[in-house]
Amino acid sequence: MKLVIPFSLLLTLLFKFSFITCCYDHEREALLSFKSHLTDPSNRLYSWHGQNCCTWNGIHCLESLQVAAIDLRNPNPDSEKFIINMNSELVSMSNSKATALNGSFSSSLFSLTYLSYLDLSFNNFMYSNIPTGLANLTRLNYLNLSNAMFSGSITNQFLNLTSSLRWLDISCSYRVPDYFPLSPYLSSTVQVRSGAYYSYLIGGNLSLSSLNFLLGLHNLRELKLSGVDLKKTSQSTKWAEPLMYLSNLQKLELSNCRIFGKLPAKQLLNLTSLSGLVMDFNSLSSPIPREFVNLSSLSELDFTNSNIQGPIPYLPQLKKLYVRNNSEVTIDLHSMFAAPWPKLEILDISSTLVNGSLPSSLANTTSLRHFQAWNCLLQGPIPASFMNLSKLETLSLAFNNITGHISPLISNLRCLNTLNTMQNSLEGTIPTSICNMNSLEYLSLSDNFLSGNLPGCISQLSRLEFFLISQNKMNGTIRSLSSLFKNANPIMIMMGDSGLTVKEDQPLLPPNFRPQFLDLSVCLSGGTIPDFISSMTQLEMLSLAYNNLSGKIPPWLFNLPNLGYLDLSFNNLQGVVPPHIKLQSFMAPTTLNLANNQLKGNIPSLIKNVEVIDLSGNSFTGHIPLQLGVAKIKYLSLSGNKLYSQIPSPFCHSGNVLMLLDLSNNSLSGTVPKSLGNCTSLIFLNLGGNNLIGEIPSELEGAKNLNYLDLTDNLFNGSFPGFIQKFQSLEVLKLGFNRFQGRIPQFIGALQNLHILVLESNFFKGSIPWEITKLEKLQYVDFSSNKLSGPIPENLNGLKMLKTRPQDGSILGFVISSMFAAVELTVTMKGLLQHYVIVRSYHSGIDLSYNCLTGNIPIEIGTLEGLPMVNLSHNCLYGEIPKSIGNMSVLESLDLSFNNLSGEIPAEITLLDYLSMLNLSYNNLSGKIPSGQHFETLSIDGSAYIGNELLCGDPLGISCTGKSNSSTSESVEVEDAWWEKLFYAVVIFGYGVGFWGFFGILYLMKDNWRNIYWRTIDRIAFGIIQRMRKQD
């Protein structure tokens, strides 16, 4: 008996031991079957062998050994690996291997009837349907199938889970950082676009025709349907009614669901337990309901980029509020914070319409931890009360018009880790107290008006990773970068054009000093490219522009292993460039900018992984390499070199991504290759200043997205290119100084986006088409030096851009206007040639000079009150000068000389306070010259009025009463006759001697040089005549 008890105990222990170490056979077999349908590239399921499945990776069992939980979520999901760069391209930021399980969903899993937890998120089930067998798992409490590449619709998959299911996530899109809104782009007229700074990527393709599948899931606490297509569902006004029955729901996520229409406020108000509502990236077109104040549990609202409208209601129960990137949300912060928001921790109002300034009362929200207000038209100073927000961790006010100084009390913000006031109007010095902000990781003060020295104590900020102070007005010298950051390991150092000088001779940099972004443009005082940069092997971005650097580019620079952006422009670098250049992938466009140096030799023939190439303003010679036309280049500028021969015939292949091509001011010859029509992404094309000949090939119409076309100063001929009518996005068209002929086509009036139209110095004839008056955006037109005839079109009211003076703004986008290839324009204004390197929206004018135009000057010209320049000289216009010109309040230059105008000079012209150049010479004007305090200063010597024999008064010195001293008149007549004989003698002699010796050569020159010559002769003749008049 004594032996039996120990033996039975032993059997019991053995049984229990085996019970503890082994799972049920049928469940083990079910798991192995599930595994057999999958591929496992990272060997995550390496432990799935042996008898005890309870010990396998991702498997959890009950004490009774039934499988209760399966957690096979991808440990390295794509949401953590990818970003969208400034090119709007998906870029992997990780070299790690794929860890997603791939394959089909085995039905064997549905035999695990004790399963309460199932997470298969971020794997890849190959766009299969969510299996209906899930309905067998009646104990399922938690189900996460998000971003696992399922497709189809939801019907009865969750039919039997009505009592158990608490947590359901079938989302099929996920957030990734999106830097595209931070990048200026070609068609943008602002420096930074509004945007959410994150986007969604596809993690499946699920759609719903209704939400009826939710009707029985009354115990749900959290429901996440992000990325599930609800477009068809939301077309019904009652689409959200099934949500009303989820009385226990605490969090609802409907991000990026393509919901259109009004927010279903009535249904949502039934969710009395709701704490979080996330509906970003939809199109809700309605305001946030004021009734949400009745949802006492509501703590988070996210309507980022959801087209909501109107003001923000008072919701004091909120902890988190995101309304970023809603252009129709209007916010009066003073009104909003007139009452307390005692729980608010996060407020993001970036890219909304904020009226006025930051209120002091906002600082009463002492719970605030993150305040982001980018790009929302804020004005005025940062209130001193903000320095009392002791819990504040993020203060981001970039891209506004914040003024005033940085308060010395900013050190009170002990928890602040992000301070961003980029692109505002802050002034004064950086206070030394900023060095006491030990939590600071991100400091961006770029593009302000800060002055003074950089506090040396910046070195105390041991956590500082991002340091941006570029484009300010500071002074002083930084002797050592390593000492400035001796306690930190900065990732980004942006000091370009800050006013600071960095010593070129840097001491040995410590091993941990490895910045990835370094901008020292306008920071070095000459010398060669600093050697200390050679040790920065982590550099991805380097800018040394505008430093007066000389010498050769060292070979090691192109061998930095991570370099994706290199800007050495506007220096004095010499020598040749290596024939092979390769850059690494970068968050912004990969860029090689060597513009405006003294580099020579051939253009590199093999350039890999470079999207922006600017080699303009050097002395490169030879041919354009064919490889540049077939590479993945987006911006290519070779202007201002010494390139010759023809543009390569197969320059653009189909599928290319070229957006900007500038080959201007070289010595290129031949015709324009037809293959340029394959450049379907082309926005900017400049072939001006070459020796190109022939007609423009009609195949160029394939570049239908052109915004800018410049063919100035070549030898093109033929009629006006008809295919231009297809360029509906065209903003700038410059065909001047060529040999085009025929009529200006009527379709010119259909180019509704046209801002600048230059056809000067060609052989166009006929009348100016009246359709040109339909161009509402037209700001500058130059038809000078052609053979145009007929009247000036009368209905000028259609030129709306010229009716008021616009605010400062770029055309063709910030990138073209300020970085890669400026929209340049040469204007004859105030009697002089003025060259605008960057054209703004307020640079406007009309130049119709040197034609054969007849008729009256239209009275409607007076409606163009925003026009600063009018040149109608050297035509055959007649009639009176319209009195309405007196309404052109910003007119600076008016030239009506060499016409047949008659009548009196209207007194209204004397009201033009901005007028600084007036030329009415050589007409048939009569009467007294009007007077005015400003007007009398315009032509003290009377040159503006000569050639009008019937004018009198000052400054001509001719009495309007007809009385004068006879002896004086006789002497004047004798002296005048002498000067007149001398003038004609000089002219005849010059004609006889110089015609065959000079004009014959001149005829062989380009038309633009001939026109410049004759305009110069005009000025010389005018000077002689002016001298004759002075004798009067």
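## Salt bridges, parallel sheets and cavities in a predicted model

A search of the whole structure finds 14 salt bridges. The structure is a predicted model, and the contacts, sheets and cavities described below are to be read in that light.

### Salt bridges

Three of the salt-bridge pairs are set out in the table, each with the distance between its nitrogen and oxygen atoms and its separation along the chain.

| Pair | N to O distance | Separation along the chain |
|---|---|---|
| Glu300 and Lys251 | 3.8 Å | 49 residues |
| Glu393 and Arg369 | 3.6 Å | 24 residues |
| Lys734 and Asp710 | 3.5 Å | 24 residues |

The salt bridge between Glu300 and Lys251 links distant parts of the chain, with Glu300 in strand β18 (residues 300–302) and Lys251 in strand β16 (residues 251–253). Glu300 counts as buried because its relative accessible area is 14%, under the 20% limit for that class, whereas Lys251, with a relative accessible area of 21%, is partly exposed. Both residues also belong to a network of salt bridges that links Glu222, Lys224, Lys251, Glu253 and Glu300.

The salt bridge between Glu393 and Arg369 again links distant parts of the chain, but here the partners lie in loops: Glu393 is in the loop between β24 (379–381) and β25 (394–396), and Arg369 is in the loop between β22 and β23 (370–372). Glu393 is partly exposed, at 22% relative accessibility, and Arg369 is likewise partly exposed, at 23%.

In the pair formed by Lys734 and Asp710, the side chains meet in a salt bridge that links strand β55 (residues 732–734), where Lys734 is found, to strand β53 (residues 708–710), which holds Asp710. Both Lys734 and Asp710 are buried.

### Parallel sheets

Strands of a sheet pair through backbone hydrogen bonds, either parallel or antiparallel. In this model, an open sheet of 12 strands has parallel pairing and follows the order β38-β40-β43-β46-β48-β50-β52-β54-β56-β58-β60-β64. Its edge strands are β38 (550–552) and β64 (852–853), each of which pairs on one side only.

Within this sheet, strand β46 (residues 619–622) runs parallel to strand β48 (residues 642–646), and two bridges join them; Thr621 stands opposite Lys642 in β48. On to the next pairing, β48 and strand β50 (residues 667–670) are parallel and pair over three bridges, with Ser667 in β50 as the bridge partner of Tyr644. Towards the edge formed by β64, strand β60 (residues 787–790) pairs with β64 in the parallel sense over two bridges, and the bridge partner of Gly790 in β64 is Leu853.

An open sheet of three strands, also with parallel pairing, has the order β28-β30-β32. Its edge strands are β28 (427–428) and β32 (473–474), and each pairs on one side only. Strand β30 (residues 449–452) is joined to β32 by two bridges, the two strands running parallel, and Gly452 has Met474 in β32 as its bridge partner.

### Cavities

The structure holds two cavities of 30 Å³ or more, and about 170 Å³ of space lies in the largest cavity. The largest cavity is lined by 16 residues, of which the closest to its centre are Val781, Ile792, Leu796, Ile846 and Leu848.

### A buried loop residue and a surface patch

Two loop residues offer a contrast in accessibility. Ser351 lies in the loop between β21 (346–348) and β22 (353–354), and it counts as buried because its relative accessible area is 5%, under the 20% limit. The C-alpha atom of Ser351 is separated by 6.5 Å from that of Ser327, although the two residues are 24 residues apart along the chain.

Val522, by comparison, is found in the loop between β36 (517–519) and β37 (541–543), and it counts as partly exposed, at 35% relative accessibility. Together with Tyr546 and Phe570, Val522 makes a nonpolar surface patch of about 270 Å². The 35% value of Val522 is consistent with its place in the patch, because patch residues have over 30% relative accessible area.

Conventions
Residues are numbered from 1 along each chain as its sequence is written. This is a predicted model: local features need pLDDT of at least 70, side-chain atom pairs count only at pLDDT 80 or more; totals for chains, interfaces and linings use all residues. Side-chain values use heavy atoms; hydrogens and water are left out. Patches are made of residues with over 30% relative accessible area and no salt bridge: like charges are joined within 9 Å, nonpolar side chains (Val, Leu, Ile, Met, Phe, Trp, Tyr) within 5 Å. Accessible areas come from the Shrake-Rupley method with a 1.4 Å probe; for residues, only the protein chains shown count as cover. A salt bridge is a side-chain nitrogen of Lys or Arg within 4 Å of a carboxyl oxygen of Asp or Glu. Helices (H or I, at least four residues) and strands (E, at least two) are DSSP runs, numbered from the N terminus. Buried means under 20% relative accessible area, exposed over 50%, partly exposed in between (1.4 Å probe, protein chains only). Two strands pair if DSSP finds at least two bridges between them. On a 1 Å grid over the protein atoms alone, a cavity is a set of points where a 1.4 Å probe fits but cannot get out, and a pocket is an open set with protein on both sides within 12 Å along at least five of seven lines; lining residues have an atom within 4 Å of a point. Grid points are joined across faces, edges and corners, and a volume is the space filled by probe spheres set on the points.
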